[in-house]
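Work through the exercises below with the sequence and the structure side by side. Each task is followed by a stepwise solution.

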Amino acid sequence: MAYTALHLAKEGIDLPRRVEVKNPLITTLNYVTNFGYAPLSPLEIVLGIEDIANNDSQFVVDIIEIQQIFNKTLGQQWSFHTLAQRGVKVPKPPLPVVRVNYSPSLENIARGVYRRFAPFILKTYRANLIYVVTVSTYGNGIFTPFARLQTFLQQRTSF
């Protein structure tokens, strides 16, 4: 039998609370390795956060505080800059270059933000960063470590 959230609630099983934090738009130009310049687009970085069981605080996280921290770190570093992978030559960058450890595709930006913020959110709020979405005018990049974990567990338990 497949259980739904309603079944679990009727059984008295607490489900984790989730919140999405939408960070202020950042305008960047991304130089994607082996592709070239991606179209200039404002990026919205969305963080999906889930509380850990038995977290009795009023909120999952302080959304305003996370937005402020995001803005003071990545927001200010990336806004009106060209993102490029370390060691990759960027031809005639129209904006100052900020180097990152990956090719700055939408998917890789989501992964990079996850790696930067997951430890902070866990330590500060006792909550898990469960996904990051990089939203642009031409598409979205999504990173969640739990999809890989779920696939791994399914492979280990399949007969």
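**Exercise 1.** Find the strand in which Thr82 lies and decide whether Thr82 is buried or exposed.

Solution. In this predicted model, Thr82 belongs to strand S5, which covers residues 81–85. The relative accessible area of Thr82 is 0%. The cut-off for a buried residue is under 20%. Thr82 is therefore buried.

**Exercise 2.** Which residues is Thr82 in contact with, leaving aside neighbours within four places in sequence?

Solution. On one side of Thr82 in sequence, the contacts are Leu29, Tyr31 and Tyr37. On the other side they are Val90, Pro93, Pro94, Leu95, Pro96, Val97 and Val98.

**Exercise 3.** Describe the chain around Thr82 as a whole.

Solution. Begin with the secondary structure: there are 4 helices and 8 strands. Read from the N terminus, their order is α-β-β-β-β-α-β-β-α-β-β-α. Next take burial: 37% of the 159 residues count as buried. Then take the contacts between residues at least 6 apart in sequence: 64% of them join residues at least 24 apart.

**Exercise 4.** Which elements give two or more residues to the lining of the largest pocket, and how does the lining divide by residue type?

Solution. The largest pocket has a volume of about 220 Å³. Helix H2 (63–78), strand S6 (97–100) and helix H3 (106–125) each give two or more residues to its lining. Among the lining residues are Leu74, Trp78, Val98, Arg115 and Arg116. By type, the lining has 5 nonpolar, 3 polar and 4 charged residues. Val98 thus appears twice, as a lining residue and as a contact of Thr82.

Conventions. Residues are numbered from 1 along each chain as its sequence is written. This is a predicted model: local features need pLDDT of at least 70, side-chain atom pairs count only at pLDDT 80 or more; totals for chains, interfaces and linings use all residues. Side-chain values use heavy atoms; hydrogens and water are left out. Buried means under 20% relative accessible area, exposed over 50%, partly exposed in between (1.4 Å probe, protein chains only). Contact means heavy atoms within 4.5 Å. On a 1 Å grid over the protein atoms alone, a cavity is a set of points where a 1.4 Å probe fits but cannot get out, and a pocket is an open set with protein on both sides within 12 Å along at least five of seven lines; lining residues have an atom within 4 Å of a point. Grid points are joined across faces, edges and corners, and a volume is the space filled by probe spheres set on the points. Ala, Val, Leu, Ile, Met, Phe, Trp, Tyr, Cys and Pro count as nonpolar, Asp, Glu, Lys and Arg as charged, and the others, Gly among them, as polar.
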